[in-house]
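Dear colleague,

I am handing over the structure we spoke about, and the notes that follow go through what was found in it. Please have the sequence and the model open as you read.

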Amino acid sequence: MKKKLKIAGLVALAALIIIQFFPIDTTNPVSDPSQDIFANYEAEDALVIKVKEACYDCHSNNTEYPWYTRLQPVGWWLKGHVNEGRKHLNFSEFANYSEKKAKHKFEEAVEYTEKGWMPISSFKVTHPEARLTDLERSAMVDWFKEQYEKI
């Protein structure tokens, strides 16, 4: 029994070492700054900063990958989150959205921010600047609602 556990442990360790040779791609897609949401929708500087701190790592083409993304399988997991986030909402490409899609994205942003679903808890653990106070969350929700109503 001890021998089987030792073998299993060595196999697991070998697998952990081998997967380090399969890193994620941390290059960001090239994007046109004129297509960014804040190039097209006016907002106060404080709100822009907070949205960028709380949302842009997963919902833009400006992801800043932390050091631990070089450790697998953590990097794979994070890359999956980023890919999924960009697929659902990409602030870097917001001006490319149709009017209908932009309106829907603002509606979703209101819901997800208001209910506290975004930013996700795992992101807030490693990014304290992404934690929103009630006032910041309210300001963000109000701004998303304003933009929704303008379309």
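A good place to begin is Y112, which is found in helix 5, the helix made of residues 99-114. Please keep in mind throughout that this is a predicted model, and that the values given here are computed from it.

With a relative accessible area of 34%, Y112 falls in the partly exposed class, which lies between the limits of 20% and 50%. Leaving aside residues up to four places away in sequence, Y112 is in contact with W117 and M118. Y112 and V141 are 29 residues apart along the sequence, and their C-alpha atoms are 9.1 Å apart in space.

Helix 5 also takes part in the salt bridges, of which a search of the whole structure finds six. One of these joins E114 and K145, whose closest N and O atoms are 3.5 Å apart. Because E114 belongs to helix 5 and K145 to helix 7 (residues 134-150), this pair ties together parts that are 31 residues apart in sequence. E114 counts as partly exposed, at 47% relative accessibility, and K145 is likewise described as partly exposed, with a relative accessible area of 32%. Elsewhere, K50, E53 and E136 are joined into one network by salt bridges that share partners.

Another salt bridge is formed by the side chains of K115 and E111, with a distance of 3.5 Å from N to O. At 32% relative accessibility, E111 counts as partly exposed.

A further pair lies within a single helix: K87 forms a salt bridge with E84, and the closest N and O atoms of the two are 3.5 Å apart. Both K87 and E84 are in helix 4 (residues 74-88), where they are separated by three residues, or about one turn of the helix. How exposed are the two partners, K87 and E84? K87 counts as exposed because its relative accessibility is 58%, over the limit of 50%, whereas E84, with a relative accessible area of 38%, is partly exposed.

I turn next to the cysteines. How many disulfides does the count give? The count comes to zero. C55 is in no disulfide, since the nearest cysteine sulfur, that of C58, is 9.2 Å away, while a disulfide needs a pair of cysteine sulfur atoms within 2.5 Å. For C58, which is also in no disulfide, the nearest cysteine sulfur is that of C55, 9.2 Å away. As for its surroundings, C55 counts as buried because its relative accessibility is 14%, under the limit of 20%.

The last feature is on the surface, where L10, L13, I17, I18, F21, F22 and W76 form a nonpolar patch, and together these residues have about 770 Å² of accessible area. Which helix gives the largest share of the nonpolar patch? That share, four residues, comes from helix 1, which is made of residues 2-18. One member of the patch, L13, lies in helix 1, and L13 counts as partly exposed because its relative accessibility is 46%.

If you go through the model in this order, you will pass from Y112 in helix 5 to the salt bridges, then to the cysteines C55 and C58, and finally to the nonpolar patch on the surface.

With best wishes

Note on methods: Residues numbered from 1 in each chain as written. Predicted model: local features only at pLDDT ≥ 70, side-chain atom pairs only at ≥ 80, totals over all residues. Heavy atoms only, no water. Patch = residues over 30% accessible without salt bridge, like charges linked within 9 Å, V, L, I, M, F, W, Y side chains within 5 Å. Areas by Shrake-Rupley, 256 points an atom, 1.4 Å probe, with all protein chains shown as cover. Salt bridge = Lys/Arg side-chain N within 4 Å of Asp/Glu carboxyl O. Helix = DSSP H or I, 4+ residues; strand = E, 2+ residues; numbered from the N terminus. Buried < 20%, exposed > 50% of the residue type's maximum accessible area, 1.4 Å probe, protein only. Contact = heavy atoms within 4.5 Å.
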